[in-house]
Amino acid sequence: MQFRGGAARTGSEGIPLSPGTPARTWSVELKGTPGIAPSFGAGRLYIGMGSQVVCADAVTGKTRWKFSATQPFRAAPVIAGDMVLAAGYEKEMVVLDAGSGARRAGVNMRAPVESSPAVAGSTAYAVTLDGYFVCLDLPAARERYRADLGVSVAAPVCVMDGSVIVADLAGNVRRLNPDTGAAMWTRNVGACVVAAPAGGAGQIIVATETGTVHSINLSDGSVKWNAVVAGAVEAAPVFGDGSVFVATRNGSVHALNREDGREQWKTGLGSQCTASPALSDGTLVVAVWDGRIHALDTETGRERYVI
(Lines give C-alpha, C1' and ligand atoms only; values in the text may rest on other atoms or scores of the structure.)
Protein backbone atom coordinates (compact mmCIF):
# COMPACT_ATOMS: atom_id res chain seq x y z
CA MET A 1 0.00 0.00 0.00
CA GLN A 2 1.19 3.51 -0.80
CA PHE A 3 0.59 6.77 1.02
CA ARG A 4 -2.98 8.04 0.38
CA GLY A 5 -4.13 4.71 -1.07
CA GLY A 6 -1.95 4.76 -4.20
CA ALA A 7 0.27 6.83 -6.43
CA ALA A 8 -2.65 9.11 -7.45
CA ARG A 9 -3.07 10.08 -3.75
CA THR A 10 -6.88 9.96 -3.91
CA GLY A 11 -7.21 9.07 -0.22
CA SER A 12 -9.63 6.27 -1.08
CA GLU A 13 -8.26 3.22 0.67
CA GLY A 14 -10.55 0.56 -0.78
CA ILE A 15 -10.61 -1.32 2.54
CA PRO A 16 -14.16 -2.06 3.79
CA LEU A 17 -15.04 -0.70 7.22
CA SER A 18 -16.70 -2.89 9.83
CA PRO A 19 -20.30 -1.93 10.63
CA GLY A 20 -20.85 -0.02 13.85
CA THR A 21 -18.31 1.68 16.07
CA PRO A 22 -14.90 -0.03 15.97
CA ALA A 23 -13.61 -1.52 19.22
CA ARG A 24 -9.95 -1.55 20.21
CA THR A 25 -8.51 -5.03 19.78
CA TRP A 26 -4.93 -4.30 20.87
CA SER A 27 -2.69 -1.49 21.97
CA VAL A 28 1.09 -1.44 21.86
CA GLU A 29 3.41 1.28 23.13
CA LEU A 30 6.27 1.97 20.75
CA LYS A 31 9.29 4.04 21.67
CA GLY A 32 9.58 7.20 19.61
CA THR A 33 7.16 9.61 17.95
CA PRO A 34 5.26 8.42 14.85
CA GLY A 35 5.14 11.71 12.96
CA ILE A 36 4.13 10.04 9.71
CA ALA A 37 1.30 7.81 8.52
CA PRO A 38 1.73 4.03 8.81
CA SER A 39 1.33 1.78 5.78
CA PHE A 40 -0.70 -1.42 5.69
CA GLY A 41 -0.25 -4.49 3.53
CA ALA A 42 -0.50 -8.29 3.76
CA GLY A 43 -1.69 -8.16 7.36
CA ARG A 44 1.16 -5.97 8.56
CA LEU A 45 1.67 -2.35 9.56
CA TYR A 46 4.85 -0.49 8.64
CA ILE A 47 5.46 2.50 10.89
CA GLY A 48 8.10 5.21 10.81
CA MET A 49 9.11 5.84 14.44
CA GLY A 50 11.89 8.40 14.74
CA SER A 51 14.98 6.77 13.26
CA GLN A 52 13.33 3.34 12.97
CA VAL A 53 10.92 1.57 10.65
CA VAL A 54 8.82 -0.85 12.68
CA CYS A 55 6.82 -3.73 11.19
CA ALA A 56 3.94 -4.92 13.38
CA ASP A 57 1.36 -7.66 12.95
CA ALA A 58 -1.97 -5.93 12.21
CA VAL A 59 -3.98 -8.61 14.03
CA THR A 60 -1.98 -8.88 17.26
CA GLY A 61 0.20 -5.76 17.33
CA LYS A 62 3.28 -7.93 17.82
CA THR A 63 6.48 -6.42 16.45
CA ARG A 64 7.82 -8.48 13.55
CA TRP A 65 11.01 -6.54 12.88
CA LYS A 66 12.73 -3.17 13.22
CA PHE A 67 15.14 -1.38 10.94
CA SER A 68 17.30 1.38 12.44
CA ALA A 69 19.01 4.39 10.87
CA THR A 70 20.92 7.33 12.39
CA GLN A 71 18.45 10.05 11.32
CA PRO A 72 14.64 10.26 11.52
CA PHE A 73 12.41 8.85 8.81
CA ARG A 74 10.07 11.61 7.64
CA ALA A 75 8.22 9.92 4.78
CA ALA A 76 5.52 7.29 5.13
CA PRO A 77 6.93 3.86 4.21
CA VAL A 78 5.78 2.53 0.84
CA ILE A 79 4.99 -1.14 0.22
CA ALA A 80 5.89 -2.28 -3.28
CA GLY A 81 5.39 -6.03 -3.64
CA ASP A 82 7.84 -7.71 -1.28
CA MET A 83 9.74 -4.46 -0.70
CA VAL A 84 9.35 -1.50 1.67
CA LEU A 85 10.78 1.87 0.67
CA ALA A 86 11.67 4.37 3.39
CA ALA A 87 13.38 7.77 3.37
CA GLY A 88 13.99 10.75 5.63
CA TYR A 89 16.79 12.90 6.99
CA GLU A 90 19.32 10.13 6.38
CA LYS A 91 19.51 11.46 2.78
CA GLU A 92 19.06 7.91 1.55
CA MET A 93 16.18 5.92 0.13
CA VAL A 94 16.42 2.41 1.55
CA VAL A 95 14.77 -0.68 0.13
CA LEU A 96 13.90 -3.23 2.82
CA ASP A 97 12.63 -6.79 2.59
CA ALA A 98 8.97 -6.57 3.64
CA GLY A 99 9.09 -9.95 5.34
CA SER A 100 12.30 -9.69 7.34
CA GLY A 101 13.28 -6.00 7.38
CA ALA A 102 16.67 -6.82 5.89
CA ARG A 103 18.23 -4.04 3.87
CA ARG A 104 18.27 -4.91 0.17
CA ALA A 105 19.52 -1.68 -1.39
CA GLY A 106 19.85 2.05 -0.93
CA VAL A 107 20.43 5.15 -3.02
CA ASN A 108 21.99 8.45 -2.00
CA MET A 109 19.30 11.14 -2.35
CA ARG A 110 21.90 13.87 -1.54
CA ALA A 111 19.35 15.76 0.59
CA PRO A 112 16.62 15.03 3.16
CA VAL A 113 13.29 13.62 1.96
CA GLU A 114 10.11 14.70 3.78
CA SER A 115 7.53 13.12 1.53
CA SER A 116 6.56 9.58 0.67
CA PRO A 117 7.74 8.34 -2.75
CA ALA A 118 5.28 7.12 -5.38
CA VAL A 119 5.72 3.77 -7.09
CA ALA A 120 4.45 2.97 -10.57
CA GLY A 121 5.46 -0.48 -11.82
CA SER A 122 9.22 -0.86 -11.40
CA THR A 123 9.81 2.87 -10.96
CA ALA A 124 9.81 5.07 -7.87
CA TYR A 125 9.50 8.85 -7.93
CA ALA A 126 10.59 11.08 -5.05
CA VAL A 127 11.38 14.72 -4.28
CA THR A 128 13.99 16.21 -1.98
CA LEU A 129 13.95 19.25 0.27
CA ASP A 130 16.63 20.90 -1.86
CA GLY A 131 14.32 20.85 -4.86
CA TYR A 132 15.21 17.78 -6.92
CA PHE A 133 12.83 15.33 -8.56
CA VAL A 134 14.45 11.89 -8.53
CA CYS A 135 13.50 8.84 -10.59
CA LEU A 136 14.65 5.44 -9.32
CA ASP A 137 14.68 1.97 -10.87
CA LEU A 138 13.41 -0.82 -8.62
CA PRO A 139 14.24 -3.18 -7.03
CA ALA A 140 17.88 -2.10 -7.14
CA ALA A 141 17.01 1.51 -6.22
CA ARG A 142 19.39 2.86 -8.85
CA GLU A 143 18.99 6.48 -9.83
CA ARG A 144 17.77 6.79 -13.42
CA TYR A 145 17.81 10.59 -13.49
CA ARG A 146 17.24 13.68 -11.35
CA ALA A 147 15.74 17.01 -12.40
CA ASP A 148 16.40 20.33 -10.67
CA LEU A 149 13.09 22.03 -9.82
CA GLY A 150 14.82 25.04 -8.28
CA VAL A 151 12.42 25.17 -5.30
CA SER A 152 12.17 23.10 -2.12
CA VAL A 153 9.47 20.40 -2.14
CA ALA A 154 7.78 18.90 0.92
CA ALA A 155 4.56 17.53 -0.62
CA PRO A 156 4.49 13.93 -1.90
CA VAL A 157 4.31 13.54 -5.67
CA CYS A 158 1.18 12.32 -7.41
CA VAL A 159 1.25 9.91 -10.36
CA MET A 160 -1.73 9.72 -12.71
CA ASP A 161 -2.43 9.04 -16.38
CA GLY A 162 1.22 8.68 -17.34
CA SER A 163 2.32 11.90 -15.64
CA VAL A 164 3.93 12.95 -12.37
CA ILE A 165 2.50 15.95 -10.49
CA VAL A 166 4.78 17.94 -8.18
CA ALA A 167 3.69 20.88 -5.99
CA ASP A 168 6.35 22.96 -4.22
CA LEU A 169 6.76 25.44 -1.36
CA ALA A 170 6.57 28.38 -3.78
CA GLY A 171 3.13 27.32 -4.99
CA ASN A 172 4.23 25.91 -8.34
CA VAL A 173 2.31 22.88 -9.57
CA ARG A 174 4.07 21.02 -12.38
CA ARG A 175 3.13 18.18 -14.67
CA LEU A 176 6.34 16.28 -15.38
CA ASN A 177 7.21 13.78 -18.07
CA PRO A 178 7.98 10.58 -16.10
CA ASP A 179 10.63 9.50 -18.61
CA THR A 180 12.72 12.68 -18.46
CA GLY A 181 11.47 14.89 -15.60
CA ALA A 182 10.84 17.74 -18.06
CA ALA A 183 7.92 20.04 -17.23
CA MET A 184 4.92 19.69 -19.55
CA TRP A 185 3.27 22.71 -17.90
CA THR A 186 3.53 24.79 -14.71
CA ARG A 187 0.74 26.53 -12.79
CA ASN A 188 1.32 28.75 -9.74
CA VAL A 189 -1.47 28.66 -7.15
CA GLY A 190 -0.19 31.64 -5.18
CA ALA A 191 0.68 29.98 -1.87
CA CYS A 192 2.86 27.32 -0.28
CA VAL A 193 1.83 23.69 -0.80
CA VAL A 194 2.83 21.03 1.73
CA ALA A 195 -0.08 18.61 1.23
CA ALA A 196 0.02 15.94 -1.45
CA PRO A 197 -2.04 16.74 -4.56
CA ALA A 198 -4.89 14.31 -5.28
CA GLY A 199 -5.70 13.22 -8.80
CA GLY A 200 -8.52 11.63 -10.75
CA ALA A 201 -10.88 12.05 -13.71
CA GLY A 202 -8.49 14.43 -15.45
CA GLN A 203 -8.35 16.75 -12.43
CA ILE A 204 -5.61 17.60 -9.95
CA ILE A 205 -6.73 18.93 -6.57
CA VAL A 206 -4.21 21.13 -4.76
CA ALA A 207 -4.74 22.74 -1.33
CA THR A 208 -2.50 25.43 0.17
CA GLU A 209 -1.36 26.77 3.54
CA THR A 210 -3.55 29.86 3.06
CA GLY A 211 -6.71 27.76 2.75
CA THR A 212 -7.22 27.93 -1.01
CA VAL A 213 -8.20 24.81 -2.94
CA HIS A 214 -7.66 24.53 -6.68
CA SER A 215 -8.85 22.08 -9.33
CA ILE A 216 -6.41 22.03 -12.24
CA ASN A 217 -6.99 20.31 -15.57
CA LEU A 218 -4.35 17.65 -16.11
CA SER A 219 -4.30 18.12 -19.88
CA ASP A 220 -3.09 21.73 -20.05
CA GLY A 221 -2.74 23.12 -16.51
CA SER A 222 -5.73 25.44 -16.81
CA VAL A 223 -7.78 26.11 -13.67
CA LYS A 224 -11.15 24.37 -13.51
CA TRP A 225 -12.19 26.06 -10.25
CA ASN A 226 -10.89 27.74 -7.09
CA ALA A 227 -12.36 27.59 -3.59
CA VAL A 228 -11.51 28.84 -0.08
CA VAL A 229 -11.83 26.82 3.14
CA ALA A 230 -11.68 27.98 6.75
CA GLY A 231 -8.03 27.41 7.59
CA ALA A 232 -4.60 26.40 6.39
CA VAL A 233 -4.35 22.96 4.79
CA GLU A 234 -1.51 20.56 5.65
CA ALA A 235 -3.51 17.35 5.13
CA ALA A 236 -3.86 15.96 1.62
CA PRO A 237 -7.32 16.44 0.07
CA VAL A 238 -9.46 13.38 -0.65
CA PHE A 239 -10.79 12.76 -4.17
CA GLY A 240 -14.22 11.11 -3.94
CA ASP A 241 -16.85 10.10 -6.48
CA GLY A 242 -18.63 13.47 -6.58
CA SER A 243 -16.85 15.45 -3.91
CA VAL A 244 -13.46 16.65 -2.77
CA PHE A 245 -12.88 16.53 0.99
CA VAL A 246 -10.49 18.96 2.69
CA ALA A 247 -9.47 19.00 6.39
CA THR A 248 -7.95 22.17 7.84
CA ARG A 249 -5.59 23.12 10.62
CA ASN A 250 -8.37 24.96 12.45
CA GLY A 251 -10.38 21.74 12.79
CA SER A 252 -12.95 22.07 10.00
CA VAL A 253 -13.68 19.50 7.31
CA HIS A 254 -15.20 20.67 4.02
CA ALA A 255 -16.92 18.77 1.22
CA LEU A 256 -16.62 20.57 -2.13
CA ASN A 257 -18.42 19.69 -5.33
CA ARG A 258 -15.88 18.03 -7.59
CA GLU A 259 -17.15 19.79 -10.72
CA ASP A 260 -17.40 23.43 -9.57
CA GLY A 261 -15.87 23.67 -6.08
CA ARG A 262 -19.08 24.74 -4.33
CA GLU A 263 -19.24 23.82 -0.65
CA GLN A 264 -21.62 20.93 0.03
CA TRP A 265 -21.12 20.77 3.79
CA LYS A 266 -18.75 21.81 6.55
CA THR A 267 -18.18 20.07 9.90
CA GLY A 268 -16.12 21.38 12.82
CA LEU A 269 -14.18 18.79 14.83
CA GLY A 270 -12.82 21.07 17.56
CA SER A 271 -9.16 20.16 17.10
CA GLN A 272 -6.49 20.60 14.44
CA CYS A 273 -6.52 18.34 11.39
CA THR A 274 -3.05 17.87 9.95
CA ALA A 275 -3.24 14.13 9.25
CA SER A 276 -4.71 13.30 5.86
CA PRO A 277 -8.25 11.80 6.00
CA ALA A 278 -9.11 8.45 4.44
CA LEU A 279 -12.25 7.49 2.51
CA SER A 280 -14.02 4.13 2.51
CA ASP A 281 -17.61 2.91 2.13
CA GLY A 282 -19.14 6.40 2.18
CA THR A 283 -17.28 7.25 5.37
CA LEU A 284 -14.55 9.85 5.78
CA VAL A 285 -12.18 9.00 8.64
CA VAL A 286 -10.34 11.96 10.18
CA ALA A 287 -7.79 11.87 13.02
CA VAL A 288 -7.26 15.09 15.00
CA TRP A 289 -4.71 16.46 17.44
CA ASP A 290 -6.68 15.74 20.61
CA GLY A 291 -6.35 12.00 19.95
CA ARG A 292 -9.84 11.36 18.64
CA ILE A 293 -10.80 9.73 15.36
CA HIS A 294 -14.00 10.95 13.69
CA ALA A 295 -16.03 9.02 11.12
CA LEU A 296 -18.16 11.35 8.99
CA ASP A 297 -20.94 10.53 6.54
CA THR A 298 -19.68 11.72 3.15
CA GLU A 299 -23.15 12.79 2.00
CA THR A 300 -24.04 14.98 4.99
CA GLY A 301 -20.90 15.53 7.08
CA ARG A 302 -22.70 14.15 10.12
CA GLU A 303 -20.70 12.18 12.63
CA ARG A 304 -21.23 8.45 12.53
CA TYR A 305 -18.99 7.76 15.50
CA VAL A 306 -15.98 9.04 17.43
CA ILE A 307 -13.26 6.92 19.01
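1. Before we look at L85, one term: two residues are in contact when heavy atoms of theirs lie within 4.5 Å of each other. Keep in mind too that this is a predicted model. With that settled, L85 touches A76, P77, V78, A80, M93, V94, V95, P117, V119, A124 and L138, and that list leaves out residues up to four places away in sequence.

2. Now zoom out to the core around it. The largest nonpolar core has 18 residues, and L85, M93, M109, V119 and L136 are the ones with the most contacts inside it. Two or more residues each come from strand 5 (78-80), strand 6 (83-86), strand 7 (92-97), strand 8 (103-108), strand 10 (123-127) and strand 11 (132-137). There is also a second, separate core, made of 14 residues, with Y125, V153, V157 and V166 among them.

3. Have a look at L138 next. You'll find L138 in the loop between strand 11 and strand 12. Is L138 buried or exposed? Buried, with a relative accessible area of 11%. Apart from neighbours within four places in sequence, L138 is in contact with M83, L85, V119, S122, T123 and A124. If you want a sense of scale, try T210: that residue is 72 places from L138 along the chain, and their C-alpha atoms are separated by 37 Å.

4. Some of these strands belong to an open sheet. Four strands make it up, in the order 9-10-11-12, and the pairing is antiparallel. Why do strand 9 (118-120) and strand 12 (142-148) each have one side left without a neighbour in the sheet? They stand at the edges with a single partner strand each, so nothing in the sheet sits on the other side. From one strand to the next, the twist averages 20 degrees.

5. Here is one pairing from that sheet in detail. Strand 9 runs antiparallel to strand 10, and three bridges link the two. To find your place in the pair, look for A120, which stands opposite T123 in strand 10.

6. On to the cysteines. How many disulfides does the structure hold? Zero. Take C135: the closest cysteine sulfur belongs to C158 and is 16 Å away, which is too far for a bond. The cut-off for a disulfide is sulfur atoms within 2.5 Å. Both cysteines are tucked away, by the way: C135 is buried with a relative accessible area of 0%, and C158 is buried with a relative accessible area of 0%.

7. Strand 22 (residues 243-247) deserves its own point. Five of its five residues are buried, so the strand is largely enclosed by the rest of the structure. In a regular strand, side chains alternate between the two faces of the sheet. You can follow this here: S243, F245 and A247 point one way, V244 and V246 point the other way, and all are buried.

8. What does strand 22 pair with? On one hand there is strand 21 (residues 238-239), antiparallel to strand 22 over two bridges. F239 stands opposite V244 in that pair, and a hairpin of three residues joins strand 21 to strand 22. On the other hand there is strand 23 (residues 252-257), which pairs with strand 22 in the antiparallel sense over five bridges. In this second pair F245 stands opposite A255.

9. Two hairpin turns have a glycine worth checking. Between strand 22 and strand 23 there are four residues, and G251 in that hairpin takes a positive phi near 95 degrees. Strand 19 (residues 212-217) and strand 20 (residues 223-228) pair in the antiparallel sense over five bridges, with V213 opposite A227. Their hairpin has five residues between the strands, and G221 in the turn has a positive phi of about 80 degrees.

10. Finally, G251 turns up again next to a serine. S271 is found in the loop between strand 24 (263-268) and strand 25 (278-280). What is S271 in contact with, leaving aside neighbours within four places in sequence? The partners are G251, V288, W289 and D290. The side chain of S271 reaches the backbone nitrogen of W289 at 3.4 Å. Like L138 in point 3, S271 is a buried loop residue, with a relative accessible area of 11%.

How values were computed:
Residues are numbered from 1 along each chain as its sequence is written. This is a predicted model: local features need pLDDT of at least 70, side-chain atom pairs count only at pLDDT 80 or more; totals for chains, interfaces and linings use all residues. Side-chain values use heavy atoms; hydrogens and water are left out. A nonpolar core is a set of buried Ala, Val, Leu, Ile, Met, Phe, Trp, Tyr and Cys residues joined through side-chain atoms within 4.5 Å. Buried means under 20% relative accessible area, exposed over 50%, partly exposed in between (1.4 Å probe, protein chains only). Two strands pair if DSSP finds at least two bridges between them. Axes are lines fitted to C-alpha atoms, for helices over the stretch in contact, and angles run from 0 to 180 degrees between N-to-C directions. A polar contact is a pair of N or O atoms within 3.5 Å; within protein, one must be able to donate a hydrogen and the other to accept it, and residues adjacent in sequence count only if both atoms are side-chain atoms.
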